[in-house]
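Here are a few notes to help you find your way around. Please keep the model open beside you as you read.

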Amino acid sequence: MKNILAFFGSNNPDSINEKLVQSVIQKYSDYDIRFIDLKNFDIPIYSQRIHSECIPQSIQDLYEMFRESEGFIIASPEHNGLPTAFLKNIIDWLSVITQKFFDNKPVLLLSTSPGFTGARTHLGLLANLVPLWGGKLKATYSLGSFESNFDVNTKRIKNDLEIEKLDKAFNTFINKDTKAVKNNREVVKSYFKAFTNGNLDEVLNIFHPNTYIVSVKEEERPIEQLHGIYRTRQEAKQFLKNIVALFETKEFTVDTVVEAEGNLVIAKGKFSHLVKSSGKLFNSDWVQLCIVEDEMIKEYRFYEDSAALIEASSIEFA
Ligand SMILES: Cc1cc2nc3c(=O)[nH]c(=O)nc-3n(C[C@H](O)[C@H](O)[C@H](O)COP(=O)(O)O)c2cc1C
């Protein structure tokens, strides 16, 4: 990929997101990456009054650079769970030239913050919006705890695990043929798809190796009891075994899958299970809360109408 445009969405003169994006440019210096500082563009706050007169020259110049570029690396700081007003303003201006200002080109999203999330909350939001602006989201990377994970003297990330994650994201970005990252909602949707198709190996692979599962109640359980806590992907296997041992699923519908803050995905729907031991139907609404990490389910909580299960489990004697 040639002529990659790299910038950061901050007007802070000592921006840590600038430090992150500069370190990426330095680390991958074999690539043709052009850095721009958006502070140097004289861009007014979007207003319809200004817009009706003209689109500022600075925005037209910036758009021209977008047109000349083959890909984008953007480091975006988080303000109150959202991108900064500074970056949002520039996005608004670009979008009035054309909604699809990324023009079908690959995008790598980066973020960092002093906190442990590394501004990941808003990056999920931006990741969902990049396609709306015509971009192909290839990868995201957030560096948490900037002060302890970044060496300001060498201008490098100093945590090996973080370096590995950044490499993975960058390689995905530059490799045209590698698949785009799934956003958190897509991860949960692919879980349901695999589950509905009865592809239990795929279901297991979507669970993180260190997954934490709560089936209805958060307490320890005897191995063959369905409800309770399961830890690790190995125990997730037992979770699936317990479901299959107890029920024959007649219907399983997913009505809603939505993303919430902090990598949380909430889903809800209905099911109808035949309880094998009693021959009765167990019908219930359900709610599922998942924390997604690295395109896998790290934490999984499933809630159903357990009173209805007790009723459906009782055997009627003639
Ligand atoms: C108004 C305001 C809101 C902030 N909100 C968040 C936030 O929601 N999440 C977060 O991780 N950091 C938040 N921060 C801290 C920023 O991550 C921190 O200021 C960081 O330095 C911003 O990046 P920059 O230096 O590249 O501008 C906030 C800072 C300000 C000033």
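1. Five residues of domain 1 are in contact with five residues of domain 2, where contact means that the C-beta atoms, placed from the backbone, lie within 7 Å. On the domain 1 side of this meeting place there are no nonpolar residues, four polar ones and one charged. Here Ala, Val, Leu, Ile, Met, Phe, Trp, Tyr, Cys and Pro count as nonpolar, Asp, Glu, Lys and Arg as charged, and the others, Gly among them, as polar.

2. A word on the basis of these notes: this is a predicted model, in which local features need pLDDT of at least 70 and side-chain atom pairs count only at pLDDT 80 or more, while totals for chains, interfaces and linings use all residues. Residues are numbered from 1 along each chain as its sequence is written.

3. Domain 1 covers 4-174 and domain 2 covers 184-313, with bounds from an automatic or database domain assignment. Their C-alpha centres lie 37 Å apart.

4. Turn next to the ligand, which is surrounded by 15 residues, each with its C-beta atom, placed from the backbone, within 6 Å of the ligand. Ser10, Ser15, Asn17, Pro77 and Ser113 are the closest. By class, the shell holds four nonpolar, 10 polar and one charged residues. Helix H1 (16-27) and strand S4 (78-79) each contribute at least two residues to the shell; helices (H or I, at least four residues) and strands (E, at least two) are DSSP runs, numbered from the N terminus.

5. Finally, find Lys39, in the loop between strand S2 (33-35) and helix H2 (48-53). The C-alpha atoms of Lys39 and Leu166 are separated by 26 Å.

Technical notes:
Two residues are in contact if their C-beta atoms, placed from the backbone, lie within 7 Å.
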